[in-house]
Amino acid sequence: MNKVILLGRLTRDPEMKNTTTGKAVTRFSLAVDRRFKNKDGQKEADFINIVVWGKQAEFAAQYLNKGSQISVSGRLQVSSYDGQDGQRRYMTEVVADEINFVSSGQKGSTAGSQQASAPQSANNNNMSVMGLDEDFHLMADDDDIPF
């Protein structure tokens, strides 16, 4: 099974391009904190490349920005290519299946005001593209936890 789930903050604004066939593809990098501190007591982070396709790519490019805190689920993909110097290069990235807002990364925004991070003009179709619906709740109640 190839399944990746991440929670982190965008390190830069997403960059969207269209393929020659017109399909949208958006790329960004996610800073994900490591669980433990280093020997100096400092937190470290991993910087993970994310790629999103189709309508979800368009939505990500429009509504996400540097500093936005999101969760991503998808699959790990490793690809290779030959560089201009003739050397084989390898690239590892997460191909996102689902992206959820946690916070917008804007000052004054909190996880509790998650729905305010999307512009008011966003309709339910856009929210469902991101894996959200109008009943989305960031924090589950104790009664909702299955264990």
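## Largest pocket

The largest pocket is lined by Arg12, Glu15, Lys17, Val25, Arg27, Phe28, Asn49, Ile50, Met91 and Glu93. A pocket here is an open set of points on a 1 Å grid over the protein atoms alone, reached by a 1.4 Å probe, with protein on both sides within 12 Å along at least five of seven lines; lining residues have an atom within 4 Å of a point. The space in this pocket is about 160 Å³.

Five residues of the lining are charged, four nonpolar and one polar. At least two lining residues come from each of β2 (15-18), β3 (24-37), β4 (43-53) and β6 (88-103), with β3 giving the largest share, three residues.

## Basis of the model

The model is predicted: local features need pLDDT of at least 70, side-chain atom pairs count only at pLDDT 80 or more, and totals for chains, interfaces and linings use all residues. Residues are numbered from 1 along each chain as its sequence is written, and side-chain values use heavy atoms, without hydrogens and water.

## Nonpolar core

The largest nonpolar core (buried residues joined through side-chain atoms within 4.5 Å; buried means under 20% relative accessible area, 1.4 Å probe) holds 20 residues. Among those touching the most other members are Phe28, Ile50 and Val72. β1 (4-10), β3, β4, α1 (54-63), β5 (69-82) and β6 each supply at least two residues of this core.

Ile50, also part of the pocket lining, touches residues including Leu6, Phe28, Val72 and Ala96, not counting residues up to four places away in sequence.

## Overall fold

Two helices (DSSP H or I, at least four residues) and six strands (E, at least two) are present in the protein, in the order β-β-β-β-α-β-β-α.

Terms used:
Grid points are joined across faces, edges and corners, and a volume is the space filled by probe spheres set on the points. Ala, Val, Leu, Ile, Met, Phe, Trp, Tyr, Cys and Pro count as nonpolar, Asp, Glu, Lys and Arg as charged, and the others, Gly among them, as polar. Buried means under 20% relative accessible area, exposed over 50%, partly exposed in between (1.4 Å probe, protein chains only). Contact means heavy atoms within 4.5 Å.
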